[in-house]
Amino acid sequence: MSATTVVPAVHDDSAHIRAIDLWRTYQMGTEEIHALRGVSFTINANEYVAVMGPSGSGKSTLMNLIGCLDSPTGGTYVLRGKTVSEMNDDELAVIRNREIGFVFQTFNLLPRATALHNVELPMVYAGIPKIERLERARHALEMVDLADRANHKPNELSGGQRQRVAVARALVMGPSILLADEPTGNLDSATGEDIMRLFGKLHDSGNTIILVTHEHDIAEHALRTIRLRDGHIESDERRH
Amino acid sequence: MPIWEAVQFALASLRAAKLRTFLTVLGIVIGVASVIAVVAITQGLDEYVSAQVLQLGSKSFTISKMPAIITSRQMWEEMQKRKDITMTDLEVVRNACGECSEVGGSSQSNRTAKWHDIKQEDVQVYGVTENYSRIGSIRELSAGRNLIPDDVDHARPVAVIGSDLVDAFFGALDPLGKTILVGGQPLTVVGVAAKKGSLFGFSQDNFVWVPLSSFRKLFGTYRTVSISIEARSMAVFEAAQEQCRVALRTRRHLGFKKPDDFAIETGESILDLWTTFTHNIYIVTFVVTAISLIVGGIVVMNIMLVSVTERIREIGVRKALGARRRDIRRQFLVEAVILSGLGGLLGVAGAAVFSWILGTILGNMMSADFSAPVRLWAVVLALAVSAGVGLVSGIYPAARAAALDPVVALRNE
């Protein structure tokens with residue numbers, strides 16, 4: 001990680017994520033579209049944050065930046081002391097692998113792989129040996145109460161079970177952030193509540209969770225809500 | 001990501017689309033099988049021809065009016081104008097060549113042979129010196145005796161016959177002592193040559209040997225003589241040819257810069273000619289069959305492109321989970337190489353069967369013992385080429401997959 005630089009000015013032990021004046025501009029033909037117009041915030045370790053906003057507010061763009069799937073066109077993004085905004089594709093891939101655990105609305109499990117293999121996948125890219133992978137994957141499935149479904153394929157699992165497999169996959173590398181994008185969007189409300197309870201437990205055990213949603217009920221599980229509108233932060237509230 | 005992980009990913013996705021995998025592999029199988037089979041058959045042909053030609057014997061050579069292989073009509077017309085080789089030429093060579101152990105002569109004409117009412121058409125009648133059967137590869141007799149100096153000296157009407165004539169005329173009867181008519185001339189059978197089989201579908205046993213002197217007396221003296229020579233040893237093989245050449249050129253008063261007006265040929269030189277003659281045909285055949293391999297490669301590339309398009313979402317997920325560009329590239333490359341490598345392996349098996357069948361058919365057509373051996377180098381080459389084809393056809397699709405933007409890929413439905 002030669003390009004990983006520690007920037008002393010923004011270094012702060014308690015700051016897990018530090019976003020400074022993030023811009024993301026898309027070129028649509030000759031027109032420039034500013035999805036994010038200078039967003040700054042800090043998220044500390046073990047925070048539980050909901051990012052809300054109507055569609056077009058820039059919340060998907062912000063999620064992509066936080067998840068290191070995309071790079072900002074302006075500003076600085078520092079994740080655990082590493083200036084992610086200056087990294088290239090492959091360095092970002094390593095960050096995604098080690099630091100970010102994604103949970104998607106549509107689960108995004110590999111359809112032909114078993115639950116166990118899906119959970120194993122991030123460790124394959126981390127170069128972890130097979131025996132250790134299997135052990136950790138089984139352990140992660142136990143944590144989401146799916147030990148007995150390890151050899152089932154996604155189409156043999158219910159929606160809630162699939163999302164729990166996805167959570168196990170997100171956690172298996174021990175990431176800094178659990179980044180969930182509308183995690184209950186494809187689930188009925190009872191199952192959605194199950195998943196949110198699981199998130200609550202994960203937060204209690206020390207994980208940092210960022211939840212992107214447009215549903216108030218879901219956002220209420222978080223202890224802090226950042227609202228976006230037109231590429232700006234409209235409000236940033238903590239509940240105690 | 002280590003390569004075996006990529007292999008496992010690739011195998012999993014190939015298993016997931018079995019019919020597609022099978023059809024893609026089939027394309028390569030056909031390509032590889034035909035390349036190996038063609039190589040096997042051309043090799044088999046070459047070996048067959050060289051075995052036949054080298055029967056001429058390693059330290060023997062011939063001097064004739066025209067070379068054994070004529071490659072154009074113009075060349076043939078040119079050769080026709082040459083002087084015949086005469087009995088005197090034969091004598092001159094015999095006397096001049098100190099390094100020759102045997103110098104024999106032969107003339108040839110095709111005639112109909114008859115015994116009572118039975119006719120055998122197109123019998124090759126050779127007028128030969130008594131040492132003829134000792135020059136080059138020795139032709140064994142299965143019955144009776146060979147021609148002897150006395151037969152030649154006294155121009156006796158005697159004959160050694162090939163087994164085709166025995167089969168046609170005598171069946172179980174003893175041919176020795178019988179008198180047959182060859183071109184209307186009565187000849188007494190004194191010997192039977194051992195059966196040799198056929199070459200390119202032409203029987204090598206449909207012949208009659210008579211003393212050269214008798215031949216000239218019975219069938220005319222105007223024919224050219226072809227001289228067969230055995231050198232004393234391999235060491236003087238070149239020297240013997242040179243002595244003969246000089247003797248014949250001197251006798252014919254050929255100027256210093258004039259080319260030979262006769263052909264000195266060894267088994268080797270005929271084989272060289274055969275090789276140059278067939279070389280281009282082989283290359284063309286090889287290239288034409290290799291095209292099927294290229295087509296197979298295009299099929300692989302096409303399938304890989306379809307596969308990448310279908311799996312954009314999967315690629316996005318893998319990238320989100322930490323796959324780097326090279327991990328994705330490797331996965332798709334390995335998939336393409338496995339597809340065509342598998343085709344290569346099955347193609348080798350197919351080629352073994354294919355060339356065995358073709359070899360048998362060709363063998364039957366030429367009524368000869370012919371085999372088309374599958375060569376190790378052809379197998380190795382075919383496997384390397386098919387894996388290479390996979391690599392080349394996989395590069396572009398794999399690069400496309402690797403270059404996908406994870407955000408765009410994840411959004412793909």
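# Questions on a predicted two-chain model

Q: Which residues of helix α10 of chain B are buried?
A: A residue counts as buried if 20 or more other C-beta atoms, placed from the backbone, lie within 10 Å of its own (12 or fewer make it exposed, and anything in between partly exposed). Helices (H or I, at least four residues) and strands (E, at least two) are DSSP runs numbered from the N terminus, and α10 of chain B covers residues 312-320 and is mostly covered, with seven of its nine residues buried. These are B:Glu314, B:Ile315, B:Gly316, B:Val317, B:Arg318, B:Lys319 and B:Ala320.

Q: What pLDDT do local features need in this model?
A: Residues are numbered from 1 along each chain as its sequence is written, while chains are lettered from A and ligands numbered from 1 in the order in which they are written. The model is predicted, so totals for chains, interfaces and linings use all residues, side-chain atom pairs count only at pLDDT 80 or more, and local features need pLDDT of at least 70.

Q: Which helix gives the most to the side of chain A that touches chain B?
A: Residues are in contact if their C-beta atoms, placed from the backbone, lie within 7 Å, and the contact between the chains takes 19 residues from chain A and 16 residues from chain B. Both α2 (89-99) and α3 (115-126) of chain A supply at least two residues each to chain A's side. With six residues, the one that gives the most is α2(A).

Q: Which are the edge strands of the six-stranded sheet in chain A?
A: Two strands pair if DSSP finds at least two bridges between them, and the open sheet has the order β6-β7-β8-β3-β9-β10 with mixed pairing. An edge strand here pairs on one side only, which holds for β6 (100-103) and β10 (232-238) of chain A.

Q: Which residue of β8(A) is the bridge partner of A:Tyr48?
A: Strands of a sheet pair through backbone hydrogen bonds, either parallel or antiparallel. In chain A, β3 (residues 48-52) and β8 (residues 208-212) pair in the parallel sense over four bridges. The partner of A:Tyr48 in β8(A) is A:Ile209.

Q: What is the radius of gyration of chain A?
A: Chain A has seven helices and 10 strands. Its radius of gyration, taken over C-alpha atoms, can be set against the globule rule, 2.2 Å times the number of residues to the power 0.38. Chain A is as compact as a globular protein of its length, because the rule gives 18 Å for 240 residues and the chain's value is close to that, at 18 Å.

Methods
Two residues are in contact if their C-beta atoms, placed from the backbone, lie within 7 Å.
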